Amino acid sequence: MPTPEPSASANEANVAEQLVRLTRRMQRAQKRHMAHLDVPFTPAQSRLLRIVGHCHDAPPRMADLAERLEVVPRAVTTLVDALESNGAVRRVPDPTNRRVVRIELTDTGRSALRALRGARRAAAEEILAPLTAAQREVLGGLLATLVDGPGEPHRSAAPA
């Protein structure tokens, strides 16, 4: 008697579990690549650095960071305090509204961000090593569809 095909929900649960496992593996690989660097940031602080580094038009406001990180403003204050004490960011007044504070990278922050990006790229290369170039391209397209959602324009440069 043939083995029945797994249900669609069982397949989706398996894919979900694989995505979680892949994410954890990527995080472990990135952590390994960062171990030899002098980059003492938590994952949340690293993400905030990436967001600030990706804002080329103007330094983001605290409220912008809270929205992008999907956290309450107080959590951003704590992250910025820690990054500021490490010399990675600084608070600067908004030139058009003195009640608004913006966050910008320092030279130390830019250097740390380069190191973080390098660790992330090295981790990705390690994870993707078993795939051919064609498989990587297919995976990239599938991930773009999942990240951006159906009908959304593809974002070519997500924060690293």
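Reader: Let's start with Ser 46: in which helix is it found?

Author: Ser 46 is in α2. Bear in mind that this is a predicted model.

Reader: Fair enough. Why is Ser 46 called buried?

Author: Its relative accessible area is 4%, and the label applies to anything under 20%. Ser 46 falls under that cut-off, so it's buried.

Reader: And what does Ser 46 touch, once residues up to four places away in sequence are not counted?

Author: On that count, Ser 46 touches Phe 41 and Leu 116.

Reader: How does Glu 70 come out, buried or exposed?

Author: Exposed: Glu 70 has a relative accessible area of 73%, and the bar for that word is over 50%. Glu 70 sits in the loop that links α3 and α4.

Reader: What makes the phi of Glu 70 worth a remark?

Author: The sign. Phi is positive there, about 55 degrees, even though Glu 70 isn't a glycine.

Reader: Then there's Cys 55. Why is it called partly exposed?

Author: Cys 55 has a relative accessible area of 26%. Buried needs under 20% and exposed needs over 50%, so 26% leaves Cys 55 with the label in between. Cys 55 belongs to the loop between α2 and α3.

Reader: How far apart are Cys 55 and Glu 104, in sequence and in space?

Author: They're 49 residues apart along the chain, yet 9.0 Å apart in space, C-alpha to C-alpha.

Reader: On to helix packing. What makes α2 and α3 oblique to each other?

Author: Their angle is about 120 degrees. Roughly perpendicular runs from 65 to 115, and roughly antiparallel starts over 145. An angle of about 120 degrees fits neither, so α2 and α3 count as oblique. The axes of α2 and α3 are 11 Å apart, and their crossing is right-handed.

Reader: Which residues of α2 and α3 meet?

Author: From α2 come Arg 47, Leu 48, Ile 51 and Val 52, and they meet Leu 65, Arg 68 and Leu 69 of α3.

Reader: How do you know how α2 and α4 are oriented to each other?

Author: Same kind of check: these axes cross at roughly 85 degrees and come within 10 Å. Since 65 to 115 is the window for roughly perpendicular, that's what α2 and α4 are. On the α2 side the contact uses Ala 44, Gln 45, Leu 48 and Leu 49, and on the α4 side Val 76, Leu 79, Val 80, Ala 82 and Leu 83.

Reader: Which residues of the largest nonpolar core touch the most other members?

Author: Out of 22 residues in that core, the answer is Leu 48, Leu 49, Leu 65, Val 76 and Val 80. At least two core residues come from each of α2 (43–54), α3 (62–69), α4 (73–85), β2 (101–105) and α5 (107–128).

Reader: What does Leu 65 touch, leaving out residues up to four places away in sequence?

Author: Leu 65 touches Leu 48, Ile 51, Val 52, Pro 60, Val 76, Val 80 and Ile 103.

Reader: Zooming out, how many helices and strands does the protein chain have?

Author: Six helices and two strands, following the pattern α-α-α-α-β-β-α-α along the sequence.

Reader: And what share of the residues is buried?

Author: 26% of the 160 residues in the chain. The accessible surface comes to about 11,200 Å², with 56% of that belonging to carbon and sulfur atoms.

Note on methods:
Residues numbered from 1 in each chain as written. Predicted model: local features only at pLDDT ≥ 70, side-chain atom pairs only at ≥ 80, totals over all residues. Heavy atoms only, no water. Core = buried A, V, L, I, M, F, W, Y, C linked by side-chain atoms within 4.5 Å. Buried < 20%, exposed > 50% of the residue type's maximum accessible area, 1.4 Å probe, protein only. Helix = DSSP H or I, 4+ residues; strand = E, 2+ residues; numbered from the N terminus. Contact = heavy atoms within 4.5 Å. Areas by Shrake-Rupley, 256 points an atom, 1.4 Å probe, with all protein chains shown as cover. Axes fitted to C-alpha atoms, helices over the stretch in contact; angles between N-to-C directions. Left-handed = near helix turned anticlockwise from the far one by under 90°. Parallel < 35°, antiparallel > 145°, perpendicular 65-115°, else oblique.
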